[in-house]
Amino acid sequence: MPDEAQKSAPQATIERADDFRSLYANNVIADGTAWDLRLTFGQFEKRADGSVVNTQRVSVTMPFGLAKLMMFWVELQIQVHERQMGQRVRIRPDVLPPMPPIPPESQNDEGYVRLHEMMEKARQQLVSNSE
């Protein structure tokens, strides 16, 4: 007899709300709380005077469990796209997230140093995926 984890969940019907909107974004900012992750999507736009502004369009807040599931589906879609195109999605060097230095007051904080190392590893993976 299958345990609870092996039982399949009932299939959900997908319906779009009356106020459903599809938007374009070419940047995203992520920030979180103890409970949720917020993704704020925006679009860089060049003004007539030559300046660039990030116009934020929409923010989506979700629990971290959903964020992890989203990472799975997004990564899968990127892998499929790269396979179909025969090359990796390239990231321009000038838009790569900068690696912040470890503040002097945090250099002896083992947790902060580990987090910094994880950030560096993730950034290096992003860089290597762009070559």
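Phe-72 counts as partly exposed, at 48% relative accessibility, and in this predicted model its ring is paired with that of Trp-73 in an edge-to-face arrangement. Beyond this aromatic pair, a search of the whole structure finds 4 salt bridges, and the largest pocket holds about 2,000 Å³ of space. The points below take up the aromatic pair, the salt bridges, helix H1, the largest pocket, and some residues that lie far apart along the chain.

**Aromatic pair**

- The count of aromatic pairs comes to 1, and the pair in question is formed by Phe-72 and Trp-73, whose rings are 4.8 Å apart from centre to centre, with an angle of 80° between the planes.
- A pair of aromatic rings is described by the distance of the centres and the angle of the planes.
- The angle of 80° for Phe-72 and Trp-73 falls in the edge-to-face class because that class takes planes over 60 degrees apart.

**Salt bridges**

- Side chains of opposite charge can pair when their charged atoms come close.
- Arg-38 is joined to Asp-31 by a salt bridge in which the closest N and O atoms are 2.7 Å apart; Arg-38 is partly exposed, with a relative accessible area of 37%, and Asp-31 is likewise partly exposed, with a value of 30%.
- A salt bridge also connects Arg-57 with Glu-45, where 2.8 Å separates the closest N and O atoms. This pair links distant parts of the chain, since Arg-57 belongs to strand E3 (residues 52–63) and Glu-45 to strand E2 (residues 36–46), with their positions 12 residues apart in the numbering.
- Both partners of that bridge are partly exposed, Arg-57 having a relative accessible area of 36% and Glu-45 one of 28%.
- In helix H2 (residues 110–129), Arg-114 and Glu-110 are 4 residues apart, which means that about one helical turn separates them, and their side chains meet in a salt bridge with an N to O distance of 2.8 Å.
- An α-helix has 3.6 residues a turn, so residues three or four places apart point the same way.
- Arg-114 is partly exposed, with a relative accessible area of 47%, whereas Glu-110 is exposed, with a relative accessible area of 56%; the two fall into separate classes because the exposed class begins over 50%.

**Helix H1 and the residue after it**

- Helix H1 (residues 64–85) is made up of 22 residues and reaches 31 Å from its first C-alpha to its last, which is close to the 32 Å expected at 1.5 Å a residue.
- Gly-86, placed just after H1, takes a positive phi of about 75°.

**The largest pocket**

- The largest pocket, with about 2,000 Å³ of space, is lined by 36 residues, of which Val-28, Ile-78, Ile-91, Pro-97 and Leu-126 are the closest to its centre.
- Strand E1 (27–32), E2, H1 and H2 are the elements that give two or more residues to the lining of this pocket.
- The lining residues of the largest pocket divide into 24 nonpolar, 5 polar and 7 charged.

**Residues far apart along the chain**

- Leu-37 is found in strand E2 and counts as buried, at 15% relative accessibility; its C-alpha is 9.5 Å from that of Gly-65, although the two residues are 28 residues apart in sequence.
- Val-127 has its place in helix H2 and counts as buried at 18% relative accessibility, because that value is under the 20% limit for the buried class.
- Between Val-127 and Pro-97, which are 30 residues apart in sequence, the distance in space is 10.0 Å from C-alpha to C-alpha; Pro-97 is also one of the residues closest to the centre of the largest pocket.
- Asp-31, the salt-bridge partner of Arg-38, lies in strand E1, and its C-alpha is separated by 9.4 Å from that of Thr-61, which stands 30 residues away along the chain.

Notes
Residues are numbered from 1 along each chain as its sequence is written. This is a predicted model: local features need pLDDT of at least 70, side-chain atom pairs count only at pLDDT 80 or more; totals for chains, interfaces and linings use all residues. Side-chain values use heavy atoms; hydrogens and water are left out. Buried means under 20% relative accessible area, exposed over 50%, partly exposed in between (1.4 Å probe, protein chains only). The expected span of a helix is 1.5 Å times one less than its number of residues. On a 1 Å grid over the protein atoms alone, a cavity is a set of points where a 1.4 Å probe fits but cannot get out, and a pocket is an open set with protein on both sides within 12 Å along at least five of seven lines; lining residues have an atom within 4 Å of a point. Grid points are joined across faces, edges and corners, and a volume is the space filled by probe spheres set on the points. Ala, Val, Leu, Ile, Met, Phe, Trp, Tyr, Cys and Pro count as nonpolar, Asp, Glu, Lys and Arg as charged, and the others, Gly among them, as polar. Rings of Phe, Tyr and Trp (its six-membered ring) pair if their centres lie within 6.5 Å; planes under 30 degrees apart count as stacked, over 60 as edge-to-face and the rest as tilted.
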